[in-house]
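Reader: I would like to learn how to read a sheet and an interface in a model of this kind. Could we take the features in turn, beginning with the strands?

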Amino acid sequence: LHIITFTRSTPDTEARVEVGPDGAVTWGNAATIVNPWDEYAIEEAILQAEKASGSTSVIAIGPDMHEEALKHCLAMGVQQALRIWDPELENADSLGYATAAAAAVNKLDAADLVIFGRESIDIGTDQHIYQTARKLGWPMLSYVARILAIDTEARTIQVERLLEQGRQVVTSKLPVVISVMKDINEPRYPSFIGIRKASRASIPVWSLADLGISLPPVRTQVVSYSNPPARTADVEMLSGTPEEQAAQLVERLLEEKVL
Amino acid sequence: MSAVYVWIEIFTGEAVATSWEALGAGRTLADQLNVPLTALVWGQNAAAIAALAGQYGADTVLVCEDATLEAFRLEPYAALLAHLVQAHQPRIVLAVGSSRGRELLAAAAADTDSGLITEITEMALADDGTIRAQRPVYAGKITATVTAYAAETVFLALRGRAFPAPEPDAAGKPAITAVAPVLAESDIATQIVTFDTAAETVSLTDAAIVISGGRGMADNPETPPAGVEDAAVWKAQHGFEHTLQPLAQVLNAAVGASRAAVDAGYIGYAHQVGQTGKAVSPDLYIACGISGAIQHQAGMRTSKVIVAINKDPAAPIFKLAHYGIVGDLYQVVPALTTALKGKLGR
């Protein structure tokens with residue numbers, strides 16, 4: 001069983017992210033962390049590989065800053081890390097990401113399972129996950145809350161997915177791409193030895209030429225970033241006894257027509 | 001023929017209400033491009049829902065009722081959508097970005113190497129055919145403006161509740177065409193085993209009103225029964241069930257929670273609002289005992305009206321709120337429930 005996960009470095013969840021005067025996104029001196037959703041994907045990859053005496057790999061697509069996320073994965077216990085970067089990926093949209101991601105999966109040892117965290121918080125989307133599955137030509141199971149069984153003999157997987165309307169149990173043939181939710185596991189902290197080993201690891205970087213692909217045309221472009229509009233009105237504090245506060249609030253909410 | 005396509009999501013034989021928002025946004029774009037508005041209605045009860053799509057503004061409907069499409073699965077749906085896009089080259093394919101809407105549009109866009117923008121909160125179509133859309137990034141801390149080259153098909157997934165749903169017009173009678181599925185059952189790698197709708201689910205993202213509880217839920221004055229191991233957890237769980245839930249029932253609201261409350265085991269993860277939970281933008285958001293950490297704000301700051309109830313007057317949530325109440329949520333919330341019952345007659 002070979003399991004591949006994807007990760008990237010994103011600003012700390014508590015960081016104040018804003019658009020600077022030059023129009024670029026900045027988070028000051030705040031640290032970058034592993035995209036928070038990816039920790040669950042990494043943990044699940046390690047757990048499932050341990051169960052089946054399998055192996056794990058992790059891939060990041062992006063410039064130098066993403067090496068930190070890869071080292072965190074190695075420190076947690078992932079066996080192999082790989083970074084994909086090429087100047088041509090600089091302005092790529094999700095189609096370009098998915099094309100490179102699928103090519104990287106195909107170039108590593110044959111994988112049975114690719115695990116993504118639910119979404120990437122920096123780019124605010126999960127679209128590249130589904131597109132990677134399509135570029136691989138594999139089935140896709142999103143929002144997985146639990147892996148119920150992996151049968152490497154019959155080449156099947158059964159999972160529980162958490163959807164808007166309830167919990168779905170679904171089976172798929174392997175290989176498959178899945179994306180996992182927060183409550184699937186409790187991600188481990190890297191061990192001291194793991195961190196030391198990871199800090200010395202040299203992570204290979206592959207270009208598009210190494211992958212032997214060219215990217216599809218860029219279809220979408222981020223033209224600018226802006227800070228969300230600041231709240232203009234101040235908060236109206238309601239005072240009195242709890243009953244008086246409740247009565248005033250009901251009046252305000254009726255005026256606002258939100259009931 | 002060029003058109004604007006809108007995918008209508010069906011769950012157990014009924015249209016998911018937010019789908020009509022996409023039909024409303026699609027009407028505007030189709031009128032601007034001077035092309036027909038085509039609804040894609042597939043799955044259980046599709047014929048009846050096709051007629052309904054006409055009332056919400058569709059000129060034509062492409063219907064597919066087939067066993068392989070009865071419940072949503074990505075493979076047969078994406079294959080059919082990609083096939084129709086390749087065959088008819090619509091200018092735009094729209095859907096509300098529910099979990100299914102996003103994965104369907106992303107998959108068909110990948111299959112056809114088309115542009116895709118998701119989580120759109122605002123958009124405009126320029127005269128030269130360029131789509132200019134706004135979407136939240138960095139968990140809502142920043143807005144990105146994204147353009148799509150509109151020479152070929154562009155896929156657009158709208159954020160739920162960001163665009164108004166049109167008023168239905170009973171006179172709308174769409175031209176209905178049946179289409180055939182692309183994949184046979186034997187071509188599909190996934191099989192649905194069960195779907196449990198009862199188990200701990202909250203349609204947080206669709207709800208018009210959300211009432212959330214945070215760490216302050218543990219300040220419940222109720223005394224836990226003998227033998228309870230963790231009094232704070234018992235108190236908070238009891239509070240969600242007996243204090244927040246009754247208010248939610250009166251308001252027909254969904255119950256949310258902060259990450260602190262979920263991490264402490266007060267309530268299930270399905271209820272979490274915020275950066276590592278769900279992003280919501282209801283008409284009314286009532287935060288009870290939530291301090292308002294930046295990562296919580298990221299998930300609810302676009303709510304139309306925000307009410308904060310917190311015992312700490314310095315809590316950051318009051319900087320975001322429209323109405324604030326400094327007080328004990330275990331006194332204020334029951335008083336609010338009683339007052340609303342009286343006013344709303346429920």
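Author: Let us start with the sheet, keeping in mind that this is a predicted model. Its strands form an open sheet of 10, with mixed pairing, in the order β13(A)-β7(A)-β6(A)-β1(A)-β8(A)-β12(A)-β9(A)-β10(A)-β11(A)-β13(B). The edges are β13 (205–206) of chain A and β13 of chain B, each of which pairs on one side only.

Reader: How many bridges join strand β11 of chain A to strand β13 of chain B, and do these strands run parallel or antiparallel?

Author: Strand β11 (residues 166–173) of chain A and strand β13 (residues 190–196) of chain B run antiparallel and are joined by six bridges. To follow the register, note that A:S172 has B:T190 as its bridge partner in β13(B), while A:V169 stands opposite B:T194 in that strand.

Reader: Which strands does helix α2 of chain A lie across?

Author: Helix α2 (residues 67–76) of chain A lies across β6 (55–61) and β7 (80–84) of chain A, and the helix runs at about 170 degrees to β7(A). Helix α4(B) also packs on the sheet, where it touches β9 (140–151) and β10 (156–163) of chain A as well as β13 of chain B, and its direction makes about 90 degrees with that of β9(A).

Reader: How should I then read the interface as a whole, and how much area do chain B and chain A bury between them?

Author: The size of an interface is often given as the accessible area lost when the parts come together. Here chain B and chain A bury about 7,400 Å² between them, with 57% of it on carbon and sulfur atoms. Of the area that chain B buries against chain A, 10% is supplied by B:Y138, B:Y269 and B:Y323, which is more than any other three residues supply. The contact takes in 93 residues of chain B and 79 residues of chain A.

Reader: What polar contacts and salt bridges does the rule find across the interface of chain B and chain A?

Author: Across this interface there are seven salt bridges, and 37 residue pairs are in polar contact, counting pairs with both residues at pLDDT 80 or more. A salt bridge links the side chains of B:K343 and A:E251, at 3.4 Å from N to O. On the side of chain B that touches chain A, helix α4 (residues 99–111) of chain B gives the most, with nine residues. By class, that side has 47 nonpolar, 25 polar and 21 charged residues.

Definitions and conventions: Residues numbered from 1 in each chain as written. Chains lettered and ligands numbered in written order. Predicted model: local features only at pLDDT ≥ 70, side-chain atom pairs only at ≥ 80, totals over all residues. Heavy atoms only, no water. Contact = heavy atoms within 4.5 Å. Buried area = accessible area lost by both parts, 1.4 Å probe. Salt bridge = Lys/Arg side-chain N within 4 Å of Asp/Glu carboxyl O. Polar contact = N/O pair within 3.5 Å; in protein donor to acceptor, adjacent residues only side chain to side chain. Helix = DSSP H or I, 4+ residues; strand = E, 2+ residues; numbered from the N terminus. Nonpolar A, V, L, I, M, F, W, Y, C, P; charged D, E, K, R; others polar. Pairing = 2+ DSSP bridges. Axes fitted to C-alpha atoms, helices over the stretch in contact; angles between N-to-C directions.
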